[in-house]
Amino acid sequence: MGKAKGYWVAHVTVSNPAGYAAYRAMAAPAIAAQDGRILALGGAQQTVAGQMRPHTVIVEFPDLAAARACYFGAAYQATIAARDASAEVDLSIIEGHTIA
């Protein structure tokens, strides 16, 4: 088993595409500063059980501490008002282990 990575998993309903695009541009440097890497960004999805929002975003970080530091850090916190003005977001910070 490899080292545990940290992830943001967000389920998003965008209400203002232009505003959400502006938020993403503001958030990108904060994510990059913690070595975050976007794995999925609102592409096509098929919900096969339960209910989800129309878009899913997955961001990978080197570890759980980096994922938390990014979200709770001043740089990302400064983007949240723009995010919330443009979308409804359910976001979890999770620890994930890769399997050989």
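**Notebook: E60, D35 and the aromatic cluster**

I began with the surroundings of E60, and leaving aside residues up to four places away in sequence, I found that E60 touches K5, G6, Y7, D35, G36, R37 and L39. I note at the outset that this is a predicted model.

I then placed E60 itself, which lies in strand β3, spanning residues 55-61. Its relative accessibility is 10%, and because the limit for buried is under 20%, I recorded E60 as buried. Looking at Y7, one of the residues in the contact list, I found a polar contact of 3.0 Å between its side chain and the side chain of E60.

Next I turned to D35, another of the residues that E60 touches, and located D35 in the loop between α1 and β2, the latter covering 37-41. D35 has a relative accessible area of 56%, so I entered it as exposed. I also checked the backbone, where phi of D35 is near 60°, a positive value in a residue other than glycine. Most residues other than glycine have a negative phi.

My last entry concerns the aromatic rings, for which I counted seven aromatic pairs in the structure. For Y23 and Y76 the ring centres are 6.3 Å apart and the planes stand at 75°, so I logged this pair as edge-to-face. The pair links distant parts of the chain, since Y23 belongs to helix α1 (residues 17-33) and Y76 to helix α3 (residues 74-77), 53 residues apart. Both Y23 and Y76 are buried. I also noted that W8, Y20, Y23, F61, Y71, F72 and Y76 form one aromatic cluster.

Note on methods: Residues are numbered from 1 along each chain as its sequence is written. This is a predicted model: local features need pLDDT of at least 70, side-chain atom pairs count only at pLDDT 80 or more; totals for chains, interfaces and linings use all residues. Side-chain values use heavy atoms; hydrogens and water are left out. Rings of Phe, Tyr and Trp (its six-membered ring) pair if their centres lie within 6.5 Å; planes under 30 degrees apart count as stacked, over 60 as edge-to-face and the rest as tilted. Helices (H or I, at least four residues) and strands (E, at least two) are DSSP runs, numbered from the N terminus. Buried means under 20% relative accessible area, exposed over 50%, partly exposed in between (1.4 Å probe, protein chains only). A polar contact is a pair of N or O atoms within 3.5 Å; within protein, one must be able to donate a hydrogen and the other to accept it, and residues adjacent in sequence count only if both atoms are side-chain atoms. Contact means heavy atoms within 4.5 Å.
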